[in-house]
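This report walks through one protein–DNA model. Look it over first, then read on.

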There are 2 protein chains.
Amino acid sequence: MTAHAGERLLTPGEVANLFRVDPKTVTRWATAGRIGSIRTPGGHRRFRESEVQELLSQLTTEATEPVRH
Amino acid sequence: MTAHAGERLLTPGEVANLFRVDPKTVTRWATAGRIGSIRTPGGHRRFRESEVQELLSQLTTEATEPVRH
DNA sequence: GAAAAGTAGGGTAATTGGGGAC
DNA sequence: GATGTCCCAATTACCCTACTTT
């Protein structure tokens with residue numbers, strides 16, 4: 001299972017910085033279920049660093065595929 | 001490999017401004033694999049600033065002898 | 001307890017993606 | 001072959017106020 005405590009959590013602002021987007025956008029991702037999120041008792045969201053890093057590492061050099069014409 | 005975050009990212013519009021081209025053209029570059037890109041969970045592209053700067057410097061040194069130091 | 005910064009909401013503008021055509 | 005422009009749908013950015021976090 002992937003449920004490990006001790007996982008570092010990131011704030012919406014930190015995630016937003018990594019993706020170069022607005023913090024509100026990160027919130028929308030969570031609402032849309034595109035990214036997992038944890039809620040503080042006060043209702044604020046926290047994100048798993050490992051999941052964020054995984055999403056970031058999907059750097060696409062989309063030229064790897066065959067050139068057809 | 002190239003999979004390292006902690007890199008400043010640029011939006012398609014910003015890259016387009018740097019190159020003085022239409023954002024659509026930047027998209028085509030990404031599709032053609034001429035420039036690497038990271039996708040937000042929403043599908044929008046982000047570009048690595050270092051790579052963009054490198055491409056820009058290639059423009060100024062085009063058809064010229066390599067810069068040695 | 002108080003203050004500053006960050007976040008959750010909700011609305012509305014701006015940007016981007018995709019596919020095709022010229 | 002490469003670029004710009006137009007269309008439409010989706011995503012994202014910026015505006016506000018109230019609440020949470022530190």
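Start with one contact to the DNA. The side chain of Thr40(A) has an N or O atom 3.0 Å from a phosphate oxygen of DNA strand D. That is a polar contact, meaning a pair of N or O atoms within 3.5 Å; within protein, one must be able to donate a hydrogen and the other to accept it, and residues adjacent in sequence count only if both atoms are side-chain atoms.

The model is predicted: local features need pLDDT of at least 70, side-chain atom pairs count only at pLDDT 80 or more, and totals for chains, interfaces and linings use all residues. Residues are numbered from 1 along each chain as its sequence is written, chains are lettered from A and ligands numbered from 1 in the order in which they are written, and side-chain values use heavy atoms, without hydrogens and water.

**DNA strand D**

Strand D is surrounded by 22 residues. Here a residue is near a strand if one of its heavy atoms lies within 4 Å of it. The closest are Asp22(A), Thr25(A), Arg34(A), Thr25(B) and Thr40(B). By class, this surface has 4 nonpolar, 8 polar and 10 charged residues. Ala, Val, Leu, Ile, Met, Phe, Trp, Tyr, Cys and Pro count as nonpolar, Asp, Glu, Lys and Arg as charged, and the others, Gly among them, as polar. Helix 2 (23-32) of chain A and helix 2 (23-32) of chain B each supply at least two residues. Helices (H or I, at least four residues) and strands (E, at least two) are DSSP runs, numbered from the N terminus. Of the strand D atoms within 4 Å of the protein, 68% belong to sugar or phosphate, the rest to bases. Arg28(B) reaches a base: a polar side-chain atom lies 2.9 Å from a base nitrogen of strand D.

**DNA strand C**

Around strand C there are 19 residues, and Lys24(A), Thr27(A), Gly13(B), Lys24(B) and Arg45(B) come nearest. They divide into 2 nonpolar, 10 polar and 7 charged. Helix 2 of chain B gives the largest share, 3 residues. Of the strand C atoms within 4 Å of the protein, 66% belong to sugar or phosphate.

Some phosphate contacts are listed below.

| Protein group | DNA partner | Distance |
|---|---|---|
| Arg34(B) side chain | phosphate oxygen, strand D | 3.2 Å |
| Thr11(A) side chain | phosphate oxygen, strand C | 3.2 Å |
| Gly13(B) backbone | phosphate oxygen, strand C | 2.6 Å |
| Arg45(B) side chain | phosphate oxygen, strand C | 2.8 Å |

**How the helices pack**

In chain B, the axes of helix 1 (residues 12-19) and helix 2 come within 8 Å and cross at roughly 105°. Axes are lines fitted to C-alpha atoms, for helices over the stretch in contact, and angles run from 0 to 180 degrees between N-to-C directions. Helix 1 of chain B is therefore roughly perpendicular to helix 2 of chain B. Angles under 35 degrees count as roughly parallel, over 145 as roughly antiparallel, 65 to 115 as roughly perpendicular and the rest as oblique. Pro12(B), Val15(B), Ala16(B) and Phe19(B) meet Pro23(B), Val26(B) and Trp29(B). Contact means heavy atoms within 4.5 Å. These residues divide into 7 nonpolar, no polar and no charged.

In chain A, helix 1 and helix 2 pack at about 105°, with axes 8 Å apart.
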